[in-house]
Amino acid sequence: MKVHAKKYKPQLATLMNLCDVNYMLLIKLLADKEEVGQARKFFISDFLSYVVSVNEVTRYTTLVTISQDTIEVGKELSQLFQPKMVIRLYHDARMAEVITSQNIRQVKPRYDYPNSKMHLPDEKQQINMFLKEWLQLCHELGQVKVALNLK
């Protein structure tokens, strides 16, 4: 007897709540001073920090990149182990959504499983949850340095 797995249905209320929380956390980190080119570096330990860079500011949205910065272990290896996400903040809706993560250009709300890229059925929710954990870590342990165009 063949058993069919239930197709994953995104939990919209859960995802929207997560995007609300991420918006609040990001706004606090940015201190409501978003300017294109501005970056904030949150030092967690001697070996780990996160950089939040402002890429674009429009009337209703802000586009930011958050990336993990690790101690240099060789240029090629270092790039491999530096997770990075692009987030769009929707100021009118007070939500922040991950739109790009690692090699995923546009994160879909649902993926059939299995798939060629092996994305989880709830990949979008998982990535937004991961962002929340990063932001909470920055709030709890991060010492901040504000600069223009941190590299």
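This is a short tutorial dialogue on reading a predicted model.

Q: Before looking at details, how many residues reach a pLDDT of 70 or more, and what is the mean?

A: As this is a predicted model, confidence is a good place to begin. The mean pLDDT of the protein is 81, with 73% of its residues at 70 or more. Among the elements, E4 has the highest mean pLDDT (95), while helix H2 (residues 75-80) has the lowest (55).

Q: What pattern does the secondary structure follow along the sequence?

A: The order is α-β-β-β-α-β-β-α-β, and the totals are three helices and six strands.

Q: How do strands E1 and E2 pair?

A: A general idea helps here: in a regular strand the side chains alternate between the two faces of the sheet. In this model, E1 (residues 38-45) and E2 (residues 48-57) pair in the antiparallel sense, over six bridges. They form a hairpin with two residues between them. To find one of the bridges, look at Phe 43, whose partner in E2 is Ser 49.

Q: Is strand E1 largely enclosed or exposed?

A: Count its buried residues: six of the eight are buried, so E1 is largely enclosed by the rest of the structure. For the whole protein, buried residues make up 40% of the 151 residues.

Q: Which residues have the most contacts inside the largest nonpolar core?

A: In soluble globular proteins, nonpolar side chains tend to be buried together. Here the largest nonpolar core has 24 residues, and those with the most contacts inside it are Leu 26, Val 64, Ile 66, Met 85, Ile 87 and Leu 89. At least two residues of this core come from each of H1 (12-30), E1, E2, E3 (61-70), E4 (84-90), E5 (95-101) and H3 (123-141). H1 gives the most, with six residues.

Q: What does Ile 66 touch, leaving aside residues up to four places away in sequence?

A: Ile 66 touches Val 51, Val 52, Pro 83, Lys 84, Met 85, Ile 87, Leu 131, Trp 134 and Leu 135. For the protein, residues 24 or more positions apart account for 51% of the contacts with a separation of 6 or more.

Q: Which residues of H3 are buried?

A: An α-helix has 3.6 residues a turn, so residues three or four places apart point the same way. The buried residues in H3 include Ile 127, Leu 131, Trp 134, Leu 135 and Cys 138. H3 has 19 residues and reaches 27 Å from its first C-alpha to its last, close to the 27 Å expected at 1.5 Å a residue.

Conventions
Residues numbered from 1 in each chain as written. Predicted model: local features only at pLDDT ≥ 70, side-chain atom pairs only at ≥ 80, totals over all residues. Heavy atoms only, no water. Buried < 20%, exposed > 50% of the residue type's maximum accessible area, 1.4 Å probe, protein only. Helix = DSSP H or I, 4+ residues; strand = E, 2+ residues; numbered from the N terminus. Pairing = 2+ DSSP bridges. Contact = heavy atoms within 4.5 Å. Core = buried A, V, L, I, M, F, W, Y, C linked by side-chain atoms within 4.5 Å. pLDDT = per-residue confidence, 0-100. Expected span 1.5 Å × (residues − 1).
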